[in-house]
Amino acid sequence: MSAWENERLIGAVRVLSDKMFRSIIYVLPKFQNKGIGKELLKCCIEHFPNSEWLVQTTEIVSSYYEKNGFKHYF
């Protein structure tokens with residue numbers, strides 16, 4: 001899924017899934033504090049509500065995912 005402003009790509013979520021077991025999300029960090037990434041995540045989760053979601057992130061931006069309901073797994 002992606003978000004566009006006119007012809008400019010301003011946000012994206014890449015979801016890989018077998019529709020049953022696992023999906024992986026990558027959100028561009030520079031768009032995370034503008035509500036764009038949150039809306040893209042919401043759309044993806046609504047599309048696959050029973051999927052296990054794995055997020056690859058850094059410690060610097062991990063709080064963004066926590067605010068959106070994700071938890072740390074080590």
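Buried here means under 20% relative accessible area, exposed means over 50%, and partly exposed is anything in between. Keep that handy for the exercises below, and remember that this is a predicted model.

**Exercise 1. Get your bearings: work out how many helices and strands the protein has, and in which order they run.**

Solution.
- Start with the tally: there are two helices and five strands.
- Now walk along from the N terminus, and the elements read β-β-β-β-α-β-α.
- As for burial, 28% of the 74 residues count as buried.

**Exercise 2. Find the residues of the largest nonpolar core, and say which element supplies the largest share.**

Solution.
- The core has 12 residues: Ala 3, Ile 10, Val 13, Phe 31, Leu 40, Leu 41, Cys 44, Phe 48, Trp 53, Tyr 64, Tyr 65 and Phe 70.
- Next, look at who contributes: α1 (36-47) and α2 (62-67) each bring at least two residues to this core.
- The largest share comes from α1, with three residues.
- Take one member as a check. Ile 10 sits in strand β2, and its relative accessibility is 13%, so it counts as buried, given the cut-off of under 20%.
- Ile 10 also has a partner far along the chain: its C-alpha is 8.2 Å from that of Ile 36, 26 residues away in sequence.

**Exercise 3. Pick out the aromatic pairs and describe their geometry.**

Solution.
- There are two aromatic pairs to find.
- One is Tyr 64 with Tyr 65, where the ring centres are 5.1 Å apart and the planes make 85 degrees, an edge-to-face arrangement.
- The other is Tyr 65 with Phe 70, with 5.9 Å centre to centre and 85 degrees between the planes, edge-to-face again.
- Both calls follow because an angle over 60 degrees counts as edge-to-face.
- Tyr 65 appears in both pairs, and Tyr 64, Tyr 65 and Phe 70 form one aromatic cluster.
- Buried or exposed? Tyr 64 and Tyr 65 are buried, and Phe 70 is buried too.
- Look back at the core list, and you'll find Tyr 64, Tyr 65 and Phe 70 there.

**Exercise 4. Decide why Cys 43 and Cys 44 are not joined by a disulfide.**

Solution.
- Recall the chemistry: a disulfide is a covalent bond between the sulfur atoms of two cysteines.
- Next, check the distance. The cysteine sulfur closest to that of Cys 43 belongs to Cys 44, and it lies 6.9 Å away, so it is too far for a bond.
- For comparison, the cut-off for a disulfide is within 2.5 Å.
- The structure therefore ends up with zero disulfides.
- Now compare surroundings. Cys 43 has a relative accessible area of 30%, so it is partly exposed, whereas Cys 44 is buried at 3%.
- Cys 44 is also part of the largest nonpolar core.
- To place Cys 43, note that it is found in helix α1. Its C-alpha is 9.7 Å from that of Val 13, although 30 residues separate the two in sequence.

**Exercise 5. Characterise the largest pocket: its volume, its lining and the element that gives the most to it.**

Solution.
- The volume comes out at about 450 Å³.
- The lining has 16 residues, and those closest to the pocket centre are Val 55, Phe 70, Lys 71, His 72 and Tyr 73.
- Two elements, β5 and α2, give two or more residues to the lining.
- Of these, β5 gives the most, with four residues.
- Sort the lining by class and you get seven nonpolar, five polar and four charged residues.
- Phe 70 does double duty here, as a lining residue and as a member of the aromatic cluster.

**Exercise 6. Place Asn 6 and Ile 60, and decide whether each is buried or exposed.**

Solution.
- Asn 6 falls in the loop between β1 (2-5) and β2 (8-12).
- At 76% relative accessibility, Asn 6 counts as exposed.
- Its backbone is worth a look: phi is near 55 degrees, a positive value in a residue other than glycine.
- Ile 60 lies in the loop between β5 (52-55) and α2.
- Its relative accessibility is 77%, so Ile 60 counts as exposed.
- Finally, the C-alpha atoms of Ile 60 and Pro 29 are 9.9 Å apart, with the two residues 31 positions apart along the chain.

Notes. Residues numbered from 1 in each chain as written. Predicted model: local features only at pLDDT ≥ 70, side-chain atom pairs only at ≥ 80, totals over all residues. Heavy atoms only, no water. Buried < 20%, exposed > 50% of the residue type's maximum accessible area, 1.4 Å probe, protein only. Core = buried A, V, L, I, M, F, W, Y, C linked by side-chain atoms within 4.5 Å. 1 Å grid on protein atoms, 1.4 Å probe; cavity = no way out; pocket = protein on both sides within 12 Å on 5 of 7 lines; lining within 4 Å. Points joined across faces, edges and corners; volume = space filled by probe spheres on them. Nonpolar A, V, L, I, M, F, W, Y, C, P; charged D, E, K, R; others polar. Phe/Tyr/Trp six-rings, centres within 6.5 Å; stacked < 30°, edge-to-face > 60°.
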